[in-house]
Each structure stands twice: as structure tokens, then as C-alpha cells.
Amino acid sequence: MFEHSQLDLRISELFYNNGHWLLEKGAQPYAFIFYDLPKALLILLAVYLIVVLIIKYRQPLPDLASQYRHKFDRFLLPLPVREIGYLLIIMVIVPATIATLKGFTHVSCPNDLVSFNGDLPYLNLWQNIVAATPARCFPAAHASAGFSLYGLAFLPSLYTYRDRIFTIVTGLGWTMGLYKMLFGDHFFSHTLVSMLLSLTIACALATLLFRDTIINSVSSAKGSNSKHTDRRLSTLEIPNN
């Protein structure tokens, strides 16, 4: 739809005026705020999750050190090992999947196209795959790192905050994606596809890993609703004929 309607081109034209993009690539402090900082924080989060997993699997500490365990435990993520492992897998597999697709699709960036003072023609996805150009711009990899946090929304322990997490992660991913769009590194659809792929992968893996938990939660919810209905019915007075 985006290709054949040229909607991608129309959207990118909003960020391009008189031969210049709204933002120069690498311009500071924008590059630090919207590229380097989020990337560094996500890497640190992944390292933290790895450390937490190692500590949770560690052998019992010696008696001499056991008195200090509570000081370290307060810095550990209060989530089950399976949920931490799931979140770490999502943070790795989502960017890896996007990076693999980028090498297969060969889609050009907006700033590479003739329409935006580049030297390549605008081709659809299939034409780019057949042409096998050196371009690697679809889907959007930088935004996918932010969208990988969708895994938080599928953690059973954080189910209560699911809507809030979804909103925050969507805002984060699109902020990272919009930054790249401002200097022609991506089309709108590149970020959109990254978001949908990230959400699909997170949902699919959660269904596999947390299937029993989901079934038990649904059963418990049905049971409580049934009991509540029975209590309401028991309070009704049946009129005499």
C-alpha cells in the first residue's frame, strides 16, 4: 500500500525542503539524545538482565558472605527467571531478525533516491530484492531496538501495567524511528513494519513460553466471574405466583 500509493514518498517530503532534510545526519545533541543514548541504555539493560540471570542461577553463597545477600538482592529485577530470560531473548531476536531482513530486502533509504537528490531510482520491495542493490534500509533497525521492549507488555508479572507499557514502548520506538526519518534514513513504512514485526515476535514467543500461565489466568478469571454471578443470583428474590 505504501509503495503503490507513494505514501512513503509523500510523508518523507514533509521532512525535505529546498534540497535539505530537516535535520542533518549526526547533528548534535540530537544524535546523542535519539541515537547514542537509547542504544547505550538498551545495551546496558541487556547486560543487566544477563547479570541478573547469572546471579539467580548462582550456587548458595558461603556462610561468611550470606549475611550480605540481602544487600545485593534489592538490586535484582523482581521477576521470575523465565520472564527475565524471555525479555532478554526478545531484546536479542528482534534486532537480529530486522538486521537479517535488511540484508535480504535491499531497499534504499530516502536520501539515496533521485527524488531526494540521491542517485538511485525508487523501486518497490520485489524490484529491490531482484536488483540486489547494496542498500540496507528496510525494515528500520534502530527503531526495532526500542520496539523490542514490547516484551515487557507480555510478562505475566506485569500484566496489570500492560496498556501503559505498550503506550510507552510505542512512543519510544516511534521517537527513535522519527529521528531517522528526519534526515532521510528511513521511510515511514520502514518503522511501521519494524513495530509490527517486533510486536508479532514478542507475542508469539510469549504464547509459547507462558501458555500455561495464560490458561491458568483465564481459568481463574472465569472461575471468579462464575462465583460472582452465583452470589448475585443467590441474592435475587424469586416472586411467588
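Modeller: A helix here is a DSSP run of H or I with at least four residues, numbered from the N terminus. Leucine 37 is found in helix H2, residues 30-56. Keep in mind that this is a predicted model.

Biologist: How many helices and strands does the chain have?

Modeller: Ten helices and two strands. From the N terminus, the order is α-β-β-α-α-α-α-α-α-α-α-α.

Biologist: Back to leucine 37. Why is leucine 37 called partly exposed?

Modeller: Leucine 37 has a relative accessible area of 34%. Buried means under 20% and exposed means over 50%. The value lies in between, so leucine 37 counts as partly exposed.

Biologist: What makes the nonpolar surface patch?

Modeller: Phe32, Ile33, Leu37, Leu41 and Leu44 make a patch of about 470 Å². A patch residue needs over 30% relative accessible area. Leucine 37, at 34%, therefore clears that cut-off.

Biologist: Now the rings. Why is the pair of tyrosine 150 and phenylalanine 166 called stacked?

Modeller: The structure holds twelve aromatic pairs. In this one, the centres are 5.2 Å apart and the planes are at 25°. Pairing needs centres within 6.5 Å, and stacked needs planes under 30 degrees apart. Both conditions are met, so the pair is stacked. The pair also links distant parts of the chain: tyrosine 150 is in the loop between H7 (141-147) and H8 (162-181), phenylalanine 166 is in H8, and they are 16 residues apart.

Biologist: Are those two residues buried or exposed?

Modeller: Tyrosine 150 is buried, at 0%. Phenylalanine 166 is partly exposed, at 36%.

Biologist: And how do you know what kind of pair tyrosine 179 and phenylalanine 183 form?

Modeller: Their centres are 5.0 Å apart and their planes are at 75°. Over 60 degrees counts as edge-to-face, so this pair is edge-to-face. Tyrosine 179 counts as buried at 5% relative accessibility. Phenylalanine 183 also counts as buried, at 5%.

Biologist: Which residues do ring pairs link into a cluster?

Modeller: Phe2, Phe147, Tyr150, Phe166, Trp174 and Phe188.

Biologist: What makes up the largest nonpolar core?

Modeller: The largest core has 31 residues, and Tyr86, Ile90 and Met91 have the most contacts inside it. H2, H5 (81-105), H7, H8 and H9 (188-209) each supply at least two residues. H5 gives the most, with seven. Beyond its neighbours within four places in sequence, isoleucine 90 is in contact with Pro95, Ser148, Gly151, Ile201, Ala202 and Leu205. A second, separate core of 14 residues includes Phe2, Ile11, Met181 and Phe183.

Biologist: Why is the pair of lysine 25 and aspartate 185 called a salt bridge?

Modeller: Their closest N and O atoms are 3.4 Å apart. The cut-off is 4 Å, so the pair qualifies. These residues are 160 apart: lysine 25 is in the loop between S2 (20-21) and H2, aspartate 185 in the loop between H8 and H9. Lysine 25 counts as exposed at 56%, whereas aspartate 185 is buried at 8%.

Biologist: What makes a network of salt bridges here?

Modeller: Aspartate 185 also forms a salt bridge with lysine 180, at 3.0 Å between the closest N and O atoms. Lys25, Lys180 and Asp185 are thus linked. Lysine 180 counts as buried at 12%.

Biologist: How far apart in helix H1 are glutamate 13 and arginine 10?

Modeller: Three residues, or about one helical turn, in H1 (residues 7-13). They form a salt bridge, with the closest N and O atoms 2.7 Å apart.

How values were computed: Residues are numbered from 1 along each chain as its sequence is written. This is a predicted model: local features need pLDDT of at least 70, side-chain atom pairs count only at pLDDT 80 or more; totals for chains, interfaces and linings use all residues. Side-chain values use heavy atoms; hydrogens and water are left out. Rings of Phe, Tyr and Trp (its six-membered ring) pair if their centres lie within 6.5 Å; planes under 30 degrees apart count as stacked, over 60 as edge-to-face and the rest as tilted. Buried means under 20% relative accessible area, exposed over 50%, partly exposed in between (1.4 Å probe, protein chains only). Patches are made of residues with over 30% relative accessible area and no salt bridge: like charges are joined within 9 Å, nonpolar side chains (Val, Leu, Ile, Met, Phe, Trp, Tyr) within 5 Å. Accessible areas come from the Shrake-Rupley method with a 1.4 Å probe; for residues, only the protein chains shown count as cover. A salt bridge is a side-chain nitrogen of Lys or Arg within 4 Å of a carboxyl oxygen of Asp or Glu. A nonpolar core is a set of buried Ala, Val, Leu, Ile, Met, Phe, Trp, Tyr and Cys residues joined through side-chain atoms within 4.5 Å. Contact means heavy atoms within 4.5 Å.
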